[in-house]
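Got the viewer open? Here is a short tour, one selection at a time.

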Amino acid sequence: MAKKSVNYNMAYRNASCAAGKFAREEENGWEYYHVPELTARGIIHGFFTRNCPSLMDDDENRSFLDTFSLDRVVTLHQEHGNTIHAVGLDDSPDKGDGILLYKPGIAAAIRTADCPGIILIDPAFPMVAIVHAGWRGTLLRITSKAVDMMAERGASKQRMTALIGPSIRGCCYTVGTEVKEAFLNEGFPENIFHNGSGSIYLDLKDANSWLLTDADIETIFDTGLCTFCSLDPVFASYRRGARSERQINFVGIRI
Ligand SMILES: [Zn+2]
């Protein structure tokens with residue numbers, strides 16, 4: 001099937017100019033980036049830094065829920081696929097890499113350590129989703145799938161905002177030729193890659209911005225933060241040696 005052409009440069013420009021939309025805040029020891037105008041509209045969300053716990057035990061969960069006035073948090077055993085669960089009040093999915101929420105009081109959290117966490121928000125419906133978009137998930141178009149699932153359930157693409165979290169960027173993310181070939185074979189544009197010092201660099205922010213634009217999402221806010229080379233704040237970076245550390249990316253609808 002022929003892909004329609006998209007204004008990729010427009011998506012890139014929007015994404016790279018939007019870092020100023022984000023504020024870095026700290027509450028009860030939880031340090032995170034969020035977009036205040038979306039928080040003010042009742043969408044609780046954030047990309048945590050390395051200074052935060054990673055919701056691995058009950059105390060951390062309790063503190064997180066109390067701080068953000070939420071009833072419960074849904075996490076997944078992530079597997080670098082493209083399974084997305086629509087979660088209602090009583091659903092507790094096990095495995096997957098994306099969560100869609102339409103009920104207030106629930107948070108969906110994705111753990112990352114270099115891969116982009118991407119949040120999708122229709123603040124007026126309201127409906128939200130979050131996906132784990134590493135290279136495998138991006139290749140499987142998990143971000144486009146999340147947009148489609150929201151639209152099928154009544155969310156508006158025109159109202160939708162996409163947030164791209166801290167992640168390893170084109171400045172630091174080297175990949176093999178087999179990864180580049182896989183993306184080109186799937187129809188991704190060549191300009192998500194660049195060459196330097198004998199290596200191939202992939203920018204997953206660009207790859208996902210392209211997917212979002214192709215899915216008719218015009219509003220893309222990118223944190224602009226590289227988990228590998230950012231010194232302030234510091235992020236958990238798998239490739240920089242933090243093999244077991246993760247940071248939390250979350251979204252939910254306020255009660
Ligand atoms: Zn970097």
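Start by selecting β8 (117-122) and β9 (residues 127-132). In this predicted model, the two strands pair in the antiparallel sense over 6 bridges. They make a hairpin, with 4 residues between them. To get your bearings inside it, click L120: its bridge partner in β9 is A129.

Now keep β9 and add β6 (residues 98-101). These two strands also run antiparallel, joined by 4 bridges. Two pairs are handy to label: I99 stands opposite I130, and L100 has A129 as its bridge partner. So A129 shows up twice, as the bridge partner of L120 and of L100.

Which way do the residues of β9 point? Show the side chains of the strand: M127, A129 and V131 go one way, while V128, I130 and H132 go the other, and all are buried. That fits the usual pattern, since side chains in a regular strand alternate between the two faces of the sheet. With 6 of the 6 residues of β9 buried, the strand is largely enclosed by the rest of the structure.

Zoom out one notch to the whole sheet. Colour the strands in the order β5-β6-β9-β8-β10-β14 and you have an open sheet of 6 strands with mixed pairing. Its edges are β5 (84-87) and β14 (219-222), each of which pairs on one side only. From one strand to the next, the twist averages 15 degrees.

Next, pick V128. Ignoring its neighbours within four places in sequence, V128 is in contact with I43, L101, I119, L120, I121, V251 and I253. Where does this residue sit in the bigger packing picture? V128 is among the residues with the most contacts inside the largest nonpolar core, along with A108, L120 and A129. That core has 67 residues. In soluble globular proteins, nonpolar side chains tend to be buried together.

Time for a helix: select α5 (residues 142-152). This helix lies across β5, β6, β8 and β9, and it runs at about 165 degrees to β9. Which residues of α5 are buried? They are I142, T143, K145, A146, V147 and M150. Show the surroundings and you will find that their cover includes β5, β6, β8, β9, α4 (135-139) and α7. Just past the end of α5, check the backbone at G154, where phi is positive at about 110 degrees.

From there, hop to α7 (residues 204-214), one of the elements covering α5. Here 11 of the 11 residues are buried, so α7 is largely enclosed by the rest of the structure. The buried set is not purely nonpolar in its names: K205, D206, N208 and D214 are on the list, as are L204, A207, W210, L211 and L212. After α7 comes D216, with a positive phi near 70 degrees.

Finally, clear the selection and look at the whole chain. There are 7 helices and 15 strands to colour. Along the principal axes, the C-alpha atoms fill a box of roughly 50 × 40 × 35 Å. A compact globule of 255 residues would have a radius of gyration near 18 Å, and the chain has 17 Å, which agrees. Of the 255 residues, 46% count as buried. One last thing to try is a contact map: among contacts between residues at least 6 apart in sequence, 68% join residues at least 24 apart.

Note on methods. Residues numbered from 1 in each chain as written. Predicted model: local features only at pLDDT ≥ 70, side-chain atom pairs only at ≥ 80, totals over all residues. Rg over C-alpha atoms; globule rule 2.2 N^0.38 Å. Buried ≥ 20, exposed ≤ 12 C-beta atoms within 10 Å, placed from the backbone. Contact = placed C-beta atoms within 7 Å. Pairing = 2+ DSSP bridges. Axes fitted to C-alpha atoms, helices over the stretch in contact; angles between N-to-C directions. Core = buried A, V, L, I, M, F, W, Y, C linked by C-beta atoms within 7 Å.
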